[in-house]
Amino acid sequence: MQIYISGQFFDKNDAKVSVFDHGFLYGDGIFEGMRAYNGKVFRHQQHLDRLWDSAKSIFLEIPMTKEAVEQAVNETLQVNNLKDAYIRLIVTRGNGTLGLDAHLCSEPKVIIIAAELALYPKEYYEKGLEIVTASTIRTNPGMLSPQVKSLNYLNNIMAKIEGHQAGCIEVLMLNAKGEAAECSGDNIFIYKNGTLHTPPAEAGILEGITRRAVLEIAESAGMKVKIAPMTRHDIYTADECFLTGSAAELIPAVKLDGRIIGTGKPGPVMQDLLKKFQAETKR
Ligand code: PMP
């Protein structure tokens, strides 16, 4: 496996960053998780735009143009002979001192790792995920906007550990108001009484690229869509629930906190949206 670091490719075992990199010391950096289908990155521009927005928000100057990063991502796919892949694009603050001062950091580093897909196991697409609510809440937007896809994922990791302890591979995270925000690495949707619902950005979520694609697909199919605050009660009593993410695509969730959602099986609306989504990824 060849890994791109700031203009050069390194073998997996030689791809290293300094222990003084503030990405390592403080989680001071940003990232994107993208998918390539048949050699082409899905919604590449949207991922780059989100990366640049994250960078702007944390005063991080990406030392390359968007076009150069796009090309580097494509080259990483080619060098590794990958057509269908998961791509991790990372920008760290670069090497600094043991202090917090970001101004003492040298050039930010751009790192690209492309690997074989790491989807949820197939059985979960067939029978659906059982999830629980984590007691760890999603980052409060007053602390750090969840729109910033930062290297600081510790609260999501804590939530995922809680899920693991409950025997679940994904968990629902609430915001400080007690509303449903999203899952540890996926956005959440429900379908109820003929309407597709998902929480708004203000609920403290990362606005997923997959979420956006699903909303567009639903709207162009003439489906009623509502972006509004969502409670756990709404999810318990929904007809269907599913999660979205670049790695997962669309995956059904059939149980939350022991309550069976709908029929307890992947629902027809989700399955239809997944089919349409996959058709788009093939285009
Ligand atoms: N929420 C969080 C917290 C995430 O980390 C991700 C990406 N893994 C998502 C939602 C889904 O975003 P996308 O569809 O852009 O992958």
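Me: How far does a polar side-chain atom of Tyr153 lie from an oxygen atom of the ligand?

Reply: Start with the cut-off: a polar contact is a pair of N or O atoms within 3.5 Å. In this predicted model, the distance for Tyr153 is 2.5 Å. Thr210 has a side-chain N or O atom 2.6 Å from a ligand oxygen. For Lys149 the value is 3.3 Å.

Me: What share of the ligand does the protein bury?

Reply: Take the ligand alone, then add the protein. Alone, the ligand exposes 390 Å². The protein buries 93% of that.

Me: Where does the ligand sit, and which residues come nearest?

Reply: The ligand occupies the largest pocket. Around it are 17 residues. Tyr153, Glu182, Ile209, Thr210 and Ser246 come nearest. By class, the shell has 3 nonpolar, 9 polar and 5 charged residues. Two elements, α6 (209–220) and β13 (240–245), each supply at least two shell residues.

Me: How many cavities of 30 Å³ or more does a search find?

Reply: A cavity is closed: a probe fits but cannot get out. The whole structure has 3 of that size. The largest cavity holds about 70 Å³ of space. Its lining includes Lys149 and Tyr153. That lining splits into 4 nonpolar, 4 polar and 2 charged residues.

Me: Which element gives the most to the lining of the second largest cavity?

Reply: Look for the element behind each lining residue. The second largest cavity holds about 50 Å³. Among its lining residues are Cys241, Val254 and Met270. β13 and β14 (249–256) each give two or more residues. β14 gives the most, with 3. By class, the lining has 7 nonpolar, 1 polar and 3 charged residues.

Technical notes. Residues are numbered from 1 along each chain as its sequence is written. This is a predicted model: local features need pLDDT of at least 70, side-chain atom pairs count only at pLDDT 80 or more; totals for chains, interfaces and linings use all residues. Side-chain values use heavy atoms; hydrogens and water are left out. A residue is near a molecule or strand if one of its heavy atoms lies within 4 Å of it. A polar contact is a pair of N or O atoms within 3.5 Å; within protein, one must be able to donate a hydrogen and the other to accept it, and residues adjacent in sequence count only if both atoms are side-chain atoms. Accessible areas come from the Shrake-Rupley method with a 1.4 Å probe; for residues, only the protein chains shown count as cover. On a 1 Å grid over the protein atoms alone, a cavity is a set of points where a 1.4 Å probe fits but cannot get out, and a pocket is an open set with protein on both sides within 12 Å along at least five of seven lines; lining residues have an atom within 4 Å of a point. A molecule sits in a cavity or pocket if more than half of its atoms lie within 2 Å of its grid points. Helices (H or I, at least four residues) and strands (E, at least two) are DSSP runs, numbered from the N terminus. Ala, Val, Leu, Ile, Met, Phe, Trp, Tyr, Cys and Pro count as nonpolar, Asp, Glu, Lys and Arg as charged, and the others, Gly among them, as polar. Grid points are joined across faces, edges and corners, and a volume is the space filled by probe spheres set on the points.
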